[in-house]
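Please look over the helices, the loops and the enclosed space of this protein. The report below goes through them in turn.

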Amino acid sequence: MSRAEFHATVLALYQPRLFDLHEQHALSTVPTAHPLAAHPEGRGLSLPRLEGTVLVAERLGLLMRHPVVLMTVPSTDGGSTFERVPFPYIGDLLLFLRDQEGPYCVNWTVKKTSEDFKRTSFQTCRQPNKAEEHAARAEDRHRLEELYFACAGIKTVRVSEDLLNETVKFNLAMLIRADHLPDDLPSEIRAELVERFKLCVLSREAILHHIPKMVNAFSCSQEEVLTVLYQAIWRRELRVDLYRPIMIDKPMHPERMDVLDMYASWFER
C-alpha cells in the first residue's frame, strides 16, 4: 500500500458508517454481481450487476487497450495454442457504507496528487513530448473504471493525498494504532476517564497533568489511561480539534470542524 493509499484508508476507517473495505481489489473482466450481493448486509436487496471491464472497454472504444495475458490452451490434435485472455484491472479502495437508505458502495481511486490522475503508471519525465498522449491514456483508464462501477450505481471518487490536511493525516495515523490495543479496564472506569478527558478539553488543561490522579483514582497504569484517551478520540467519543496536533502535554481544543464533514462528498452515494 502506498503512502497515499494508507492515509486514504485511515480516513475511510475513521468513518463510523463504514462496515467493510476492500483494497487492491480486482475489477471483473466479465459480467458479475454487485459487490454487496455477496455480503450479509446485501441480503434481500435488488442490486444492479457489474457489466465487466471488457464490455465497458468495448463501449468506450478502448478494447485494444484492455490488458491481456497469453494462456496455453490444449488443441484437439494433442498440441496447444496460445489465447489472449483479458487480465483484470486493479482498483484501490472499495468502501462499503451505510446510511438512512441502507447499504451502498463507493469506489475510491487514489493518487498522491491531483495531477497524478493525468499520468499513466509508465510515464516518465524523459518523455515530455508524449505528455498529452499519456494524459489521454490515463483519463481513458479512469473513465473505464468510473463507468464500470457506474453501471451498478456505484460512484467513483478521485482521492488524492494532497487534499488531506497534513495535521489531520498525522493525528488519524497515530490514533488508529491505539484502536486495536487491549482495553481491559471495566466499562464504568473507561466511561469515567472519558468524562475527565472532556473536562480537560473544555478547561484547556493539558491531560498529562491529570494522568497521575487518574492512575491513583482507578488503580490503572499510565499506558491504560492513554489507550483509553486515544481510543476515545478515534471512536469519536471525545471530540477534539484534529486540525491541531494531539499532544498530551499541551491543551487540546474542542472540535471546531468535523473531519468527516470536510470530506463528506467522498462518502456520499
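The text takes up three helices, a cavity, and then some single residues.

The model is predicted: local features need pLDDT of at least 70, side-chain atom pairs count only at pLDDT 80 or more, and totals for chains, interfaces and linings use all residues. Residues are numbered from 1 along each chain as its sequence is written, and side-chain values use heavy atoms, with hydrogens and water left out.

## Three helices

Helices (H or I, at least four residues) and strands (E, at least two) are DSSP runs, numbered from the N terminus. The expected span of a helix is 1.5 Å times one less than its number of residues. The table sets expected spans beside the distances between end C-alpha atoms.

| Helix | Residues in helix | Expected span | End C-alpha distance |
|---|---|---|---|
| α1 | 12 residues | 16 Å | 17 Å |
| α4 | 14 residues | 20 Å | 21 Å |
| α7 | 13 residues | 18 Å | 18 Å |

For α1, the end-to-end distance agrees with the expected span. The α4 distance agrees as well. So does that of α7.

Burial comes next. Buried means under 20% relative accessible area, exposed over 50%, and partly exposed in between (1.4 Å probe, protein chains only). α1 is mostly covered, with 9 of its 12 residues buried. They are Ala-4, Glu-5, His-7, Ala-8, Thr-9, Val-10, Leu-11, Ala-12 and Tyr-14.

α7 has 10 of its 13 residues buried, so it is largely enclosed by the rest of the structure. The buried residues of α7 include Val-225, Leu-229, Tyr-230 and Trp-234. They pack against α1, α4, α5 (187-202) and α6 (211-218); contact means heavy atoms within 4.5 Å.

α4 covers residues 166-179. Its buried residues are Val-168, Lys-169, Asn-171, Leu-172, Ala-173, Leu-175, Ile-176, Ala-178 and Asp-179. Their packing partners are α1 (3-14), α7 (222-234) and α8 (259-262). An α-helix has 3.6 residues a turn, so residues three or four places apart point the same way.

The N-terminal end of α4 is capped by Asn-165. A side-chain oxygen of Asn-165 lies 2.9 Å from the backbone nitrogen of Thr-167. A polar contact is a pair of N or O atoms within 3.5 Å; within protein, one must be able to donate a hydrogen and the other to accept it, and residues adjacent in sequence count only if both atoms are side-chain atoms.

## The cavity

On a 1 Å grid over the protein atoms alone, a cavity is a set of points where a 1.4 Å probe fits but cannot get out; lining residues have an atom within 4 Å of a point. Grid points are joined across faces, edges and corners, and a volume is the space filled by probe spheres set on the points.

The structure holds 1 cavity of 30 Å³ or more. The largest cavity contains about 40 Å³ of space. His-7, Val-10, Leu-11, Leu-164, Val-168, Lys-169 and Leu-172 line it. α1 and α4 each supply at least two residues of this lining. The lining divides into 5 nonpolar, 1 polar and 1 charged.

## Single residues

His-34 sits in the loop between β1 and α2. At 7% relative accessibility, His-34 is buried. Its side chain reaches the backbone nitrogen of Leu-36 at 3.0 Å. Not counting residues up to four places away in sequence, His-34 touches Leu-47, Pro-48, Arg-49, Cys-105, Ala-152 and Ile-154.

Arg-49 is found in the loop between β1 and α2 (53-59). The C-alpha atoms of His-34 and Arg-49 are 4.9 Å apart, with the two residues 15 residues apart along the chain. Between Arg-49 and Glu-101, 52 residues apart along the chain, the C-alpha separation is 19 Å.

Asp-140 belongs to helix α3 (residues 131-150). It is buried, at 15% relative accessible area. Leaving aside neighbours within four places in sequence, Asp-140 contacts Leu-62 and Arg-65.

Positive phi values appear at two non-glycine residues treated here. Gln-24 has a phi near 50 degrees. Gln-24 lies in strand β1 (residues 18-26) and is partly exposed, at 40%. Arg-236 has a phi of about 65 degrees. Arg-236 comes just after α7, in the loop between α7 and α8. Its relative accessible area is 17%, and it is buried.

Notes
1 Å grid on protein atoms, 1.4 Å probe; cavity = no way out; pocket = protein on both sides within 12 Å on 5 of 7 lines; lining within 4 Å. Nonpolar A, V, L, I, M, F, W, Y, C, P; charged D, E, K, R; others polar.
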